[in-house]
Amino acid sequence: MSAPTEVAEFYDVLFRRRDVRAEFTGAPIAPEVLDRVLGAAHAAPSVGLSQPWDFVLVHDRDTRRSFRDHVQAERSVFAASLEGERAQTFSRIKVEGVLESSVGVVVTYDADRGSPAVLGRHAIADAGLFSVCLAIQNLWLAATAEGLGVGWVSFYREDFLRRLLGIPQRVRPVAWLCLGPVERLADTPDLERHGWRSRLPLHDVVHHERYGQRRER
């Protein structure tokens, strides 16, 4: 029995989502579309309803170029740690679309938001950070539904990004997201296509009752 249309559409968006690098067109995003995507991110659940995220929109080319140069330097640092086949494979992988995308969306985490008593965070300090990641996932799925691509750039030093954007020391920059219209979304994730790593089967990551206990297929 097939799923209802609205359910099937949700799963279609979920599985079409990609981490985009090379497919950005650079075309502008309509303001109302950007507002919807950011609104979806802001609707994410958060520990204690703390909503500890902020979104810094970066359009300025000089700022983006400075960040891109920093990312490329960090890419070189990682590349220098690789040898043999890993080094050859990584040399073919593009890690950012900072200048090719339409806008950079920097998502931050403010641990002081909602303090001093953040309901639900007393035993798990990272619950606020997890909340920010949920906002990022909401943004990513909404962007996919809108026909936009998102690329999460992680080749950067947090202090560099703080200085570049004037982010207070207490606030953590969690992600620089490249956002914009794309030519297409690839059928296969880049890292699989380039042979860096393959997706694990679901069975390999499901445990029953105790960690390590699996059901026979």
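Okay, let's start with a single residue, glutamine 51, which at 26% relative accessibility counts as partly exposed. That's because partly exposed covers the range between under 20%, which is buried, and over 50%, which is exposed. Before I go on, please keep in mind that this is a predicted model.

So, back to glutamine 51. You'll find this residue in the loop between α2 and β1. What caught my eye is the backbone: glutamine 51 has a positive phi of about 45°, although it is not a glycine. And there's a neighbour to look at in that loop. Leucine 49 also lies between α2 and β1, and its phi is near 50°, again a positive value in a residue other than glycine. Is leucine 49 buried or exposed? It's exposed, because its relative accessible area is 65%, and exposed means over 50%.

Let's follow the chain into the sheet. Four strands make an open sheet, in the order β1-β2-β4-β3, and the pairing is antiparallel. The edges are β1, residues 53-58, and β3, residues 148-153, and each of those pairs on one side only. From one strand to the next, the twist averages 25°.

Now let's walk across, pair by pair. β1 and β2, with β2 being residues 103-110, are held in antiparallel pairing by six bridges. Here tryptophan 53 stands opposite tyrosine 109 in β2. Next over, β2 pairs with β4 through eight bridges, also antiparallel. Which residue in β4 does tyrosine 109 stand opposite? That's arginine 172. Then we get to β3 and β4, which run antiparallel and are joined by six bridges. In that pair, look for valine 153 opposite tryptophan 176 in β4.

β4 itself is mostly covered, by the way, with 10 of its 11 residues buried.

What lies across the sheet? Two helices to look at here. Helix α2, residues 31-42, lies across β1, β2, β3 and β4, and runs at about 155° to β1. Helix α5 lies across β1, β2, β3 and β4 too, running at about 5° to β4.

Let me stay on α5 for a moment, with a quick check on its length. This helix has 19 residues, 127-145, so at 1.5 Å a residue it should span 27 Å; the end C-alpha atoms are in fact 27 Å apart, which agrees. Just after α5 comes glycine 147, with a positive phi of about 80°. And in the loop before the helix, between β2 and α5, sits proline 116. A cis peptide bond joins serine 115 to proline 116, with omega at about 10°.

On to the inside. As a general point, nonpolar side chains tend to be buried together in soluble globular proteins. In this model, the largest nonpolar core has 26 residues, and the ones with the most contacts inside it are Val105, Ile136, Leu139, Leu177 and Leu179. The elements giving two or more residues to this core are α2, β2, α5, β3 and β4. Which element gives the most? It's α5, with eight residues.

If you want one residue to click on, try leucine 177. Leaving out residues up to four places away in sequence, leucine 177 touches Val103, Gly104, Val105, Val107, Ile136, Leu139, Val150, Gly151 and Trp152. Apart from that largest core there's another one, of 20 residues, among them Val58, Val153, Trp176 and Val182.

One more stop, over in helix α3, residues 61-80, where we find glutamate 74. At 15% relative accessibility, this glutamate counts as buried, because the cut-off is under 20%. What does glutamate 74 touch, not counting residues up to four places away in sequence? The contacts are Phe155, Tyr156 and Arg157. And here's the distance along the chain: glutamate 74 and serine 154 are 80 residues apart, yet their C-alpha atoms are separated by 9.5 Å.

Last thing, the record. UniProt, in an unreviewed entry, places the feature "domain: Nitroreductase" at residues 16-180. In the model, that span is 41% helix and 18% strand, and its end C-alpha atoms lie 16 Å apart.

That's my tour. Thanks, everyone!

Definitions and conventions: Residues are numbered from 1 along each chain as its sequence is written. This is a predicted model: local features need pLDDT of at least 70, side-chain atom pairs count only at pLDDT 80 or more; totals for chains, interfaces and linings use all residues. Side-chain values use heavy atoms; hydrogens and water are left out. The expected span of a helix is 1.5 Å times one less than its number of residues. Two strands pair if DSSP finds at least two bridges between them. Axes are lines fitted to C-alpha atoms, for helices over the stretch in contact, and angles run from 0 to 180 degrees between N-to-C directions. Contact means heavy atoms within 4.5 Å. A nonpolar core is a set of buried Ala, Val, Leu, Ile, Met, Phe, Trp, Tyr and Cys residues joined through side-chain atoms within 4.5 Å. Buried means under 20% relative accessible area, exposed over 50%, partly exposed in between (1.4 Å probe, protein chains only). UniProt positions are given in the numbering used here, feature names are shortened, and annotations may be inferred rather than shown by experiment.
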